[in-house]
Every structure is written in structure tokens, then in C-alpha cells.
Amino acid sequence: MNGAAELLLRSVVVLSGTAILTFILLWHAPGDPALTIAVARYDSVVSADVVDRIRTESGLDAGFWTAFSHWITPLLSGDLGNSSVSGRPIWPELRTAILLTLPLALMGLLIGLALSIPLAILAVRHPGGWIDRGAVALASLGAAMPAYWLALLLILAFAVKLLWFPAMGTGSAAHLVLPGLTLGLGVAASLTRILRSALLEAKGAPFLPALARRGVGPRERAFSHVAPHAAIPVLTVAGLELAFLLEGAVMVEVIFARPGLGGFLIHAIQARDFPKVQAVVMLTAILFVTVNLLTDLLYRLVDPRIGTRDA
Amino acid sequence: MLTVERLTVRRGGREVLRDVSLSLAPGKTLAVLGESGAGKSTLIASVLGLINPEHGMVSWDGRPIARGAVALVMQEPRAAFNSRLTLRRSVCEPLRARGLPEDQDRFFRLCRGLELEPDLLARRPNQISIGQAQRAGVLRALIAAPPLILFDEPLSALDAATQKHTARLISAIQREEGFAALIVTHDLGYAAAHAENIAVLREGRIEEAADADVFFRNPQSSYGQSLVNAAVALGALEHRAA
Amino acid sequence: MTIHVDGLSAVRAGRTILHPTNLSLPQGSRIGLVGPSGSGKSTLCYALIDRLQAEGIAVAHVPQSPDEALDPLRTLAFHWRQAERALGIAPDPARKGDLFRALRLQGQSLNVRPWAWSRGMQQRFVIAVALLAQPALLILDEPTSALDPVIAAATLSLVEHHIAETGTTLLIVTHDLGLAAARAAHLMVMHEGRVVEQAATADLLARPVSSPAQSLVAHRNWAVLPC
């Protein structure tokens, strides 16, 4: 099969699978969503009539396939639907949440890259040396340390003792420092390990000694040969890193009481506002599929053997 | 008697073997010569019964060959063993697979024939030399006394001197055991010294099949000639007044 | 000019892997360096390359497999330009044309990755890159083991033909005395990190003195063909 067509088909399968699966899971979630919506909406004890009305209104009584088609049809034209609690369209609220989370995710990624790239490069200069062992130890520590614990340590040190940065909330660039650092250190830990092993493997490539004997200098060997070879395994895990970043961002937001996707999702789940939950899940799936598509395309650019191998 | 009859194998839309016919009698050695890509691996896989041919068939004494009835000695001796098992365990695996008991006498006799210290087989593949590992590979192939053993470039990972020694050990044990040997190789020197029959495979077809004496004295196909000339040019064969 | 080096040696992890060795390789000669694997042939080669490069003598080494000489992610054109840059020479289409004709590579596009070519062609490309340096010494490391015999024999003939014109000395490194004897006029036998014997090929085959050489000679040929 044609490579591009196969990639697209795979993306479509993943997206429809995600849509169907989340819908099934939420449909079978315990409890009565109509009752929860009624309580969320009127904030008091409600009569059975009201609950029934909400059930009809939200299409909850129509049966699985009707409800599914009510949800999926507008989704196909890009309409995420309305909140079942407030009745307002989901997208504006969700967009606000994304715009709040984006700077945090970028900050985490930036800190992660800024720490892991130099650390990995230094570490592989002398494999098994003290810098290398230190880097591996730090990376393992970082991977083992839960975000909430690291966040508390950072808050204790920089917000409570030193009073350098605010511990909670949002509003200024200073508010971004501690959450960004929490996220970034986690990203750095996993990226350092991946980069280190990718670089080590690339430095062991069989053709490098011959290049050196041919008179090709160490700088050129590093940039023209080692770097592209190391990029391949790093690209492979780009999707996983994104998952790590998103999951981390949501968790960090909750810890630091920052509004954003994390708060949006948690409130939606607590209120049983399923259309909102589904919107977040679908958005995440689209993001993943896009990143994986891009990775695959980049992959083919760096290593043209992929995709031609079976030909 | 091994019979390969008008075998045609297609892979990915391309004919990798076309109309290949061969036969090999018990106790005899057939060397299939050819360059990489000529279809040698496909021929091996077909005889092992791992590939369904487009048409034609492979049989032993007129019956189709059951999977596992034929043994294989591979090119990379260490890679052919599970690195976590002792060699002894790996070597006796074909017996366990077929529910046969271990015959101690036979085991020690084969070890002697292949110049393998039985103690050596308590080790793991990376704790012995490549030459020893390849002889252990031959031992594993022999252990269940198959009527036919396939050798896929069995010597190419070994030193020149070890190659010749190993080849002599295999031939000596073949005279005792009487198995038929099908050797796939690009080493004409090996074929000249140890095979009675030669088949030249090129681009999936048999270019030439002959008795070894006839082939090396006077190869008929032009490709057969260039193989012999190359072997002489690379010192694998030598012309010398008889 | 005869290439002459004294006292080549190598120590790794406290163990001497190459005992002090003196070599003298007459210009334009073809020499075979023979010994079983682990006898120190590669160590001797790399020590020799380092020494000659330090003395400013051009030396080129062709590894046994093209995989050990070419980056699979980079085009052949990139490798060629890179080799030119490393040597500090300006792109010279005429010289490139000569080398490619000599190695039967003319008319091929270089804007492909190495694996788009057959292994035989890749190996000839690697040899062309090696000859670009106009080396005083060309080292071929196990030149037959990664190639089919017909291709390997043809490649060796092309190389020998080309360097006969330029006066380059050829060192063939191999475990196979049969190969070395067929291609070299002079042989050096290595054993456990020492050159234990050197002699003209005919002499060494007829009267090997050291026991490693005797054992190699005894196992030289598979078979002798009737004329």
C-alpha cells in the first residue's frame, strides 16, 4: 500500500476508535447522569419530573446509537457540542483552557530540552565517567519522583522559604516558573535517558572510525553523522513525550491551582458533563494523531530507508 | 533421496526460484553455488518446508518432507543458539522436540567426532570460540539423526584454517552417519574439496548441475566459468600440474 | 620511495597486543599480511595508519564491508564532497571521472544513499574515495569477505590495475593465505601480536620456517585442480 495513504488510514482508524470507545465507556459510567446534571444545574434537591425532563432534553433516554449519532454528526463538521450542565457551547470555554495550558506545556518542554540536550551530550563524552553516572542517576531520580512531590518541594523552597515565586494561581510570568520547572524537570529526566542512549548508539556506528581515518574532523562527524542517527530513536518516542507533557501539565495545574485543561477536565468529570469530557478526549486524540503523522513524515525525511524497505 | 522438482517460488511478485530441479542421494553432498540474491536462502527455506512454492515440490523418498525432519546448520554459529541456555540444552533440543530419549553413547561419540569436549557444552554460546560454536551447531543438527542436513554458508564466519578443519570433521562424520548434505555456499574451494555434486544457481535458476569433478575440470555455463576463474584468482582453488 | 616504520607497538588495558615491529614496504609492491583472527593484523594496520598520517604520508584504508565506510543516511555525493573537503582539495571532475572509469562506476548518479547501490558497487565507491587521497599506501582489509567471489576478484583486478600506474603500495590484510598468495608478491605472517615471518610469496609457500606459517601453509588450499 502507498505509504501516505496507509498513514492517513491509520489516523482515521485511531480517531474513530477513540470516539467510539470513549462514548461507550462514558455511557456505561456508574450513576445517573441526568440526576447529576440536575443537581449541578439547580444546586438543590430536585423532583423526579425535572430529572426526567433533563433526561429527554439531553437525549439520554434515546438509547445508545441515537445518542452516539447525535454526538458524532456535529463533531464530524467540527462542532464539539454543548455542555450538558450549562447548555453553552463547549469550544469557547475549552479554547480558553487550552490557551492557559499552552504556555505551561511550552515552558516545560523548553526547560526539558534546555536541560536534557547539554546533559546528554556531556554524559556520552565519557560513557561510564562521573558525569555520565551522575546524569543517569539524576534522570532515574527524576523519573522516579512523582510530580506532586517535586512540586511540594519546589513550593517549600522557592515560595515558602525564599519567597522568590508565588506558589499558586496565575496572572504573571512569575506564576509560571514553579509549575514550569516541575513539568520541565520531569520532561528532562525522561528525555535525558532517551537522548543519552540514542547518542551512545549513534556514536558506536560502524562507519565512524573510517570517516576519522579519512580525515573528517570530530565536529563534522558529530553534526553530519552522529546527530541524524541519534535523532531517529528520539523521534520514535516523540509521541510518548507528548503524552508525558500533557499528563504532567494537567497534574501540575491541579497542584498549583492554575486554571487550564486540568481544571476544565476535572470539573467536567465531577459534574458528569460528558460532552466536555468527550471533547477533551477527542482533542487529545487529534493532537496525538497529528504528532504521530508528523513524526512519521520527519522519519522518512531523516531516514529514507523507511517506507522503501519493502519495495 | 531428496528430490526437488520444478520448484518455482514467488515472493513480492518476483520469481525468486524458477523451475529448480535437484536431487541428492543419501550419504552424498550437493553444493549449491551462487552469489547473494541468487535464491539460495529461498531454496533452503523451501526444503525446510517454511515456504509454500508456487508450483513444484520438495520430497524425500517420494514423500513430502515434514517440518522438523530436516536439520539446518546456520551461518552465524553464536546467533544460532539461545544465549541464555547451556549449549548442551540447545544441542539436545531436537530430541525433546520429537519426544526422543537422549542416547548417551551416541552423544559422546558425536562429540568425539566433532572434537568437542562434553564439558564445553555446559557453557553458554558466548563462552566458547566461534569454531567450537559452529561444531556445536553441527552436533545439534546431527543429534536426532536426520536423513538430510542443510548447511547455509556453514564456514564463512570461520578462519581459513578453522574452515578446513571443520569441513574435514563434518565429512568424516558424514561417512559414519550417512546423512545427505545440501551445502549452500559461495566458497568454491569448499565445494571442490567436499562435494560430489555441484549446482550453480543464478537469478533463481539452475545454470548448471554436474558431478564435481566434471564441473571443476570444465564448467559448461559462462557463469560457472567465471565462478571457477574467480576462485582461482582469489586463491581458493589452484591449478597445478597433476 | 620505500615506506619505512620502526618500533610500531600497541598496548591495550596493560596487555601488549602488538609487539614492537619494524616494517619496510617498497614502493609499488603488493604485500599480504596474513594471520588468524585475533593475531593482531588490524592492530598493526591501525598503528601503521596513525604513524604514517603523523609523518604526513598519505595512507588509505578500505574496511572489509562498505557498512564500515559509508553513512547509510548520507548520499554518495555527500561522502565524495566530504572526502574532498577533508583532503583540502577543490572539486575536480576530471579526477573523479578518471577514478570512476577505473573502477567501472561511470554514469551512475551519486545523488542516492549507499544502499541504493549493490554491495560490490558500494565497495568500489569506497575504494574510489580511498584513491582520491592519492595514497602512498592502500590497505585492503579482508577485501573478499563481504563480496561475492566473482565481484571480489573483478574488484581486486581493477584496483591492482589502477595502482600499478600510480605506484601505490598495496597491503592486503586477510586470514586467508590462499588469497594473499594469489595476489601478493611478498607475505608477512602474524601470530599473537608479532610478525613472525616475512618472505617472498614463493619462498614462504615452499619453505615456511615458523610454526604459525607452517600451519597456514598446510591449510592453504581447499583443493588443487587438475590442469
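This short talk walks through the contact between chains C and A, two helices of chain C, and a set of residues in chain B. Please keep in mind throughout that this is a predicted model, and that what I describe is computed from its atoms.

Let me begin with chains C and A. On the chain C side, 22 residues are in contact with 19 residues of chain A. The size of an interface is often given as the accessible area lost when the parts come together. Here the area buried between chain C and chain A is about 1800 Å², and carbon and sulfur atoms give 57% of it. If you look for the residues of chain C that lose the most area to chain A, you will find C:Leu73, C:Gln82 and C:Trp115, which together account for 31% of what that side buries.

Turning to the polar side of this interface, the count is nine residue pairs in polar contact between chain C and chain A, with both residues of each pair at pLDDT 80 or more. The rule for salt bridges finds one across this interface, and C:Arg85 forms it with A:Glu220, the closest N and O atoms being 3.2 Å apart. As for the elements involved, α1 (41-54) and α2 (76-87) of chain C each supply at least two residues of the side that touches chain A. Of the elements of chain C, α2(C) gives the most to that side, with six residues. By class, the side of chain C that touches chain A has twelve nonpolar, four polar and six charged residues.

I will stay with chain C and move on to its helices. Helix α5, residues 149-166 of chain C, has 18 residues and reaches 26 Å from its first C-alpha to its last, which is close to the 26 Å expected at 1.5 Å a residue. The buried residues in α5(C) include C:Ala152, C:Ala153, C:Leu156, C:Val159, C:Glu160 and C:Ile163. After α5(C) comes C:Gly167, whose phi is positive, near 75 degrees.

Helix α3 offers a salt bridge inside one helix, since C:Arg101 and C:Asp98 both lie in α3 (residues 93-102) of chain C, three residues apart, about one turn of the helix. An α-helix has 3.6 residues a turn, so residues three or four places apart point the same way. In this pair the closest N and O atoms are 3.0 Å apart. C:Arg101 is partly exposed, with a relative accessible area of 47%, and C:Asp98 also counts as partly exposed, at 44%.

Salt bridges lead me to chain B, and I should mention that the count by this rule comes to 16 over all chains. Which residue forms a salt bridge with B:Asp19? The partner is B:Arg6, with the closest N and O atoms 2.8 Å apart. B:Asp19 lies in strand β2 (residues 14-24) and B:Arg6 in strand β1 of chain B, so the pair ties together parts that are 13 residues apart in sequence. B:Asp19 is partly exposed, with a relative accessible area of 35%.

A second pair in chain B is B:Glu54 and B:Arg10, whose side chains meet in a salt bridge at 3.2 Å, N to O. Because B:Glu54 lies in the loop between α1 (40-47) and β4 (55-60) of chain B, while B:Arg10 lies in strand β1, this pair ties together parts that are 44 residues apart in sequence. Both are partly exposed, B:Glu54 with a relative accessible area of 45% and B:Arg10 with 40%.

Between these charged residues we meet B:Thr8, which is found in strand β1 (residues 2-11) of chain B. Is B:Thr8 buried or exposed? B:Thr8 is buried, with a relative accessible area of 3%. Leaving out residues up to four places away in sequence, B:Thr8 touches B:Glu15, B:Leu17, B:Arg18, B:Asp19, B:Pro53, B:Glu54 and B:His55.

My last residue is B:Val58, found in strand β4 of chain B and buried, with a relative accessible area of 12%. B:Val58 and B:Leu2 are 56 residues apart in sequence, yet 7.5 Å apart in space, C-alpha to C-alpha. Apart from neighbours within four places in sequence, the contacts of B:Val58 include B:Leu2, B:Val4, B:Leu7, B:Val47 and B:Ile65.

How values were computed. Residues are numbered from 1 along each chain as its sequence is written. Chains are lettered from A and ligands numbered from 1 in the order in which they are written. This is a predicted model: local features need pLDDT of at least 70, side-chain atom pairs count only at pLDDT 80 or more; totals for chains, interfaces and linings use all residues. Side-chain values use heavy atoms; hydrogens and water are left out. Helices (H or I, at least four residues) and strands (E, at least two) are DSSP runs, numbered from the N terminus. Buried means under 20% relative accessible area, exposed over 50%, partly exposed in between (1.4 Å probe, protein chains only). Contact means heavy atoms within 4.5 Å. Buried area is the accessible area (1.4 Å probe) that two parts lose on being put together, summed over both. A salt bridge is a side-chain nitrogen of Lys or Arg within 4 Å of a carboxyl oxygen of Asp or Glu. A polar contact is a pair of N or O atoms within 3.5 Å; within protein, one must be able to donate a hydrogen and the other to accept it, and residues adjacent in sequence count only if both atoms are side-chain atoms. Ala, Val, Leu, Ile, Met, Phe, Trp, Tyr, Cys and Pro count as nonpolar, Asp, Glu, Lys and Arg as charged, and the others, Gly among them, as polar. The expected span of a helix is 1.5 Å times one less than its number of residues.
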